[in-house]
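Dear colleague,

Please find below the structure that I am handing over to you. My findings follow directly after it.

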Amino acid sequence: MQNKIPYGRQEINDKDIKSVVEVLKSDFLTQGSKVEEFENKFAAYIGSKYAVSVSNGTAALHIAALSLGVKKGTKVITSPISFVATSNCIEFCGGEITFCDIDPETLCLDIKVLKKILEDSPKGTYQGLIPVDFAGYPVQMDEIRSLAIEYDLWVLEDSCHAPGGCFVDNKGVNQNCGNGSYADAAIFSFHPVKHIACGEGGMVTTNDEKIYKKLKLLRSHGITKDSNKLFSNHGGWYYEMQNLGYNYRLPDIQCALGISQLKRATSNIEKRREIAKNYINNLNGLPISIPKSNYFDGHAFHLFVILTDKRIELYNYLRENKIFTQIHYIPIHTMPFYKEKYGKQTLKSAEKYYKNCISLPIYPSLDNHEQDYIIDSIKFFYEQI
């Protein structure tokens, strides 16, 4: 009997377990040496100068937004096709969101629509952009940066789906997602279905030292013990809360797991790309559409999305056969909170995409037998209709 196949799954091996057990037997379960080690190794993997670990991807978005100066009245543009945390981080800070429609081919922000939004608004209306590397497809960040410079905007790259993803910029240089070459900061998630699983966890990367220092302060209650920054000093125990911060720290236990997972991040990306190519090769010819972004070599393939006008029927059929697909995502602008605050909005490409999208299982431990079963099941479904 076929076992259940989820759309995503963490892979925990004996080395991962050993690394966590070692921390459990050590003196520090949190605020120990594993935190800085994980941050340094992740920064090296991505190619950024700095990395700050936090408790989850939403926390990463929140303190990144605060570090970029988001406050009441700040207006920011982002994609409606993402998890709600991408836009919520601006709302947390008292800011306001404008949703830009997606490009049907990349499923990321449509640069032409984005440009029109900016051109049609008085200069200074918007303060920032949050492009999303959706499904693992890398946004062409040099194009985003050019607009940001023209309109004096900061850029926060949501790279939760794309550690290991990359693109070639207009200078012919290969750029890793989230490396800070074109964004002021970028964020990542270590949720179990992501590329690196820490149970929960997140990371902010940046090349800006000022942003880096703000991030470190905000993730730990706004408290510092740095003697060079204290307004006064009562002794070795003394600390000061200099900003209103949060308890967003990532424990050493989870950092140890992240360090271990990071060791096979490159090989796992290769496995994801192999699975994606197998889907493409075997699903072509069926009455489905495979987004052009899935053919891009630098894709990190957190998700493998197909489009079908038989979405609910296929979803239910696969579920009946123990294949658990998922829908990514319900457009954020259609959520009751956002409709109530901003009114009904029409974003045609995002809404059309949502009606037809379905994410097939993709994760490094998905074996050939399981993928063949998924492909055969999809083929059989279309043979019956």
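In this predicted model, helix 6, which spans residues 141-151, has several buried residues: Met141, Asp142, Ile144, Arg145, Leu147, Ala148 and Tyr151. The elements that cover them include helix 5 (111-119) and three strands, namely strand 4 (128-130), strand 5 and strand 6 (166-168). Directly after helix 6 comes Asp152, with a positive phi near 55 degrees.

Strands 4 and 5 also belong to an open sheet of seven strands, arranged in the order 1-9-8-5-4-2-3 with mixed pairing. At its edges lie strand 1 (50-54) and strand 3 (96-99), each of which pairs on one side only. From one strand to the next, the twist averages 20 degrees.

Two of the pairings may be described in detail. As general background, the strands of a sheet pair through backbone hydrogen bonds, either parallel or antiparallel. The parallel sense is found between strand 5 (residues 154-158) and strand 8 (residues 185-189), which are paired over three bridges. Within this pair, Glu157 has Ala186 of strand 8 as its bridge partner.

Strand 1 and strand 9 (residues 202-206), by contrast, run antiparallel and are joined by five bridges. Here Val54 is matched with Gly202 of strand 9 as its bridge partner.

Why is strand 1 described as largely enclosed by the rest of the structure? The reason is that four of its five residues are buried, where buried means under 20% relative accessible area. Strand 1 is thus an edge strand that is nevertheless largely enclosed, because of those four buried residues.

Yours sincerely

Terms used:
Residues numbered from 1 in each chain as written. Predicted model: local features only at pLDDT ≥ 70, side-chain atom pairs only at ≥ 80, totals over all residues. Heavy atoms only, no water. Pairing = 2+ DSSP bridges. Helix = DSSP H or I, 4+ residues; strand = E, 2+ residues; numbered from the N terminus. Axes fitted to C-alpha atoms, helices over the stretch in contact; angles between N-to-C directions. Buried < 20%, exposed > 50% of the residue type's maximum accessible area, 1.4 Å probe, protein only. Contact = heavy atoms within 4.5 Å.
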